[in-house]
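Here are some exercises to work through with the model open beside you. Try each task before reading its solution.

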Amino acid sequence: MTDFPLPFEDDDPFASAGLRLTVDLTALTENWRDMARRSGAARAAAVVKADAYGMGIEDAGETLYLAGARDFFVATVDEGVTLRLYAPEARIFVLSGIWPGTERRFFENDLVPVISSDEQLAFWMAVLADYGDYPCALHVDTGFNRLGLHIDDALALADDVSRPASFAPVLIMSHLACGDDPTHAMNLRQLESFRRVSTAYEGIDSSLAASAGIFLGEDYHFDLTRPGISLYGGEAVSGMANPMRPVATAEARIIQVRTVEAGETVSYGRALQLHRNSRLAIVSAGYADGYMRSQSSGGVPLRQTVPQGGQGFIAGYKVPVAGRITMDLTIFDITDVPENAVRAGDYVELFGKNMALDDVARAAGTIGYEILTSMGLRHERRYVAEE
């Protein structure tokens, strides 16, 4: 065994991480409170599916609970079981519903299944026959054509006097297909359809608006709103200045800084030829980490329609991606950054306070949701409370 003459310093996983994510819990709290105010008379829930959009369901869930959220939405029963530890008195809705074999986890953790299909409804009725009263939510499709009971079936169920007395939903919900476009006629059509359902289930809470729907105004708020992406700083409405505070800052360590002469090419496929002597920073993040290949500066189909590729931020400068993004590495052109301002071991911001999440997403031809939820594979998270 090799003898090391010097003692190792205590390991700090965040300080030594190649890819790291700082989550501002104060910003998360303020964003939820902002959306709660915008919800008017309606209560504001908190959507924490997909590991709280990549922020960590444990810390994000507890923060939102302490901020005042008492209704939560998760995608799976496993997420609900985890969240229950951090939101002890909350009402937790499981959007994927209940399936045979999951009953015990629902009951033991006081989770509310969202019933979205005829098959789930039939199973739920059988569960009630065996176990008695237990709350559920009904998801009704008003035009999205994703999940949800057909509207005619939901209306018939409301009028069915033979339905079991133990069947007592606590929430009726639907989801807008075009809420991010305030001018789209589909919003009003869905609103009118949902009003029919809400009226049929008089006395039961109704919920139509997610983040984008909240911005459409009080007609869409009903009893409960479901803010999601807005809580995490993402853009909910297209073409409108984003009023939310950034929550996540992603950074990647510079592994090497190299000097390359004009005329040489960079990365796979020789997709970029340099027109000047350049300095390049190679960082430890690539498409395996959710930093999408589509935002490469060249050599990808998207650059034919969206000329601007991705950018990072370091030492006060925006720096462009150089060439194709690879699995574990991305190259940034730092030629315009003073030489003494950047060295190996420093970090380039991929998105956050200086690089807006949704600007990065547009360069990748996607949306902020996908960027956030794709960043959780290898990054080290740190939670801060910044004023």
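**Exercise 1. Decide whether Arg270 is buried or exposed, and describe its backbone.**

Start with accessibility: Arg270 is exposed because its relative accessible area is 58%, where exposed means over 50%, buried under 20% and partly exposed in between (1.4 Å probe, protein chains only). Next, locate Arg270 in the loop between β13 (265-266) and β14 (272-273). Helices (H or I, at least four residues) and strands (E, at least two) are DSSP runs, numbered from the N terminus. Finally, read the backbone: Arg270 is not a glycine, yet its phi is positive, about 50°. Most residues other than glycine have a negative phi.

A word on the ground rules: this is a predicted model, in which local features need pLDDT of at least 70 and side-chain atom pairs count only at pLDDT 80 or more, while totals for chains, interfaces and linings use all residues. Residues are numbered from 1 along each chain as its sequence is written, and side-chain values use heavy atoms, with hydrogens and water left out.

**Exercise 2. Do the same for Asp110: give its phi, its place and its accessibility.**

The phi of Asp110 is positive, about 55°, although Asp110 is not a glycine. Its place is the loop between α6 (103-108) and β6 (111-115). With 43% relative accessibility, Asp110 counts as partly exposed.

**Exercise 3. Find the residues that form the patch of negative charge, and the helices that supply them.**

First, the rule: a patch takes residues with over 30% relative accessible area and no salt bridge, and joins like charges within 9 Å. A salt bridge here is a side-chain nitrogen of Lys or Arg within 4 Å of a carboxyl oxygen of Asp or Glu. Now the members: Asp118, Glu119, Asp152 and Asp153 come together on the surface as this negative patch. Then the helices: α7 (118-131) and α8 (151-159) each supply at least two of the patch residues. As a check on one member, Asp153 is found in α8 and counts as partly exposed at 38% relative accessibility.

**Exercise 4. Count the aromatic pairs, then analyse the one formed by Phe194 and Phe222.**

Rings of Phe, Tyr and Trp (its six-membered ring) pair if their centres lie within 6.5 Å; planes under 30 degrees apart count as stacked, over 60 as edge-to-face and the rest as tilted. The count is 8 aromatic pairs. Phe194 and Phe222 make an edge-to-face pair, with 4.9 Å centre to centre and 85° between the planes. Phe194 lies in helix α9 (residues 185-200) and Phe222 in the loop between α10 (211-215) and β11 (224-225), so the pair ties together parts that are 28 residues apart in sequence. Phe194 is buried at 0% relative accessibility, whereas Phe222 is partly exposed at 23%.

**Exercise 5. Classify the geometry of the pair Tyr291 and Phe332.**

The ring centres of Tyr291 and Phe332 are 6.3 Å apart and the planes stand at 50°, so this pair is tilted. Tyr291 belongs to the loop between β15 (278-283) and β16 (311-314) and Phe332 to strand β18 (residues 330-333), so the pair ties together parts 41 residues apart in sequence. Tyr291 and Phe332 are both buried.

**Exercise 6. Place Ser230 and give its C-alpha separation from Asn31.**

Ser230 sits in the loop between β11 and β12 (248-260) and counts as buried at 1% relative accessibility. The C-alpha atoms of Ser230 and Asn31 are separated by 6.9 Å, although their positions lie 199 residues apart along the chain as a sequence separation.

Definitions and conventions:
Patches are made of residues with over 30% relative accessible area and no salt bridge: like charges are joined within 9 Å, nonpolar side chains (Val, Leu, Ile, Met, Phe, Trp, Tyr) within 5 Å. Accessible areas come from the Shrake-Rupley method with a 1.4 Å probe; for residues, only the protein chains shown count as cover. Lys and Arg count as positive and Asp and Glu as negative; His and the chain ends are not counted. The place of a charge is taken as NZ of Lys, CZ of Arg, CG of Asp or CD of Glu.
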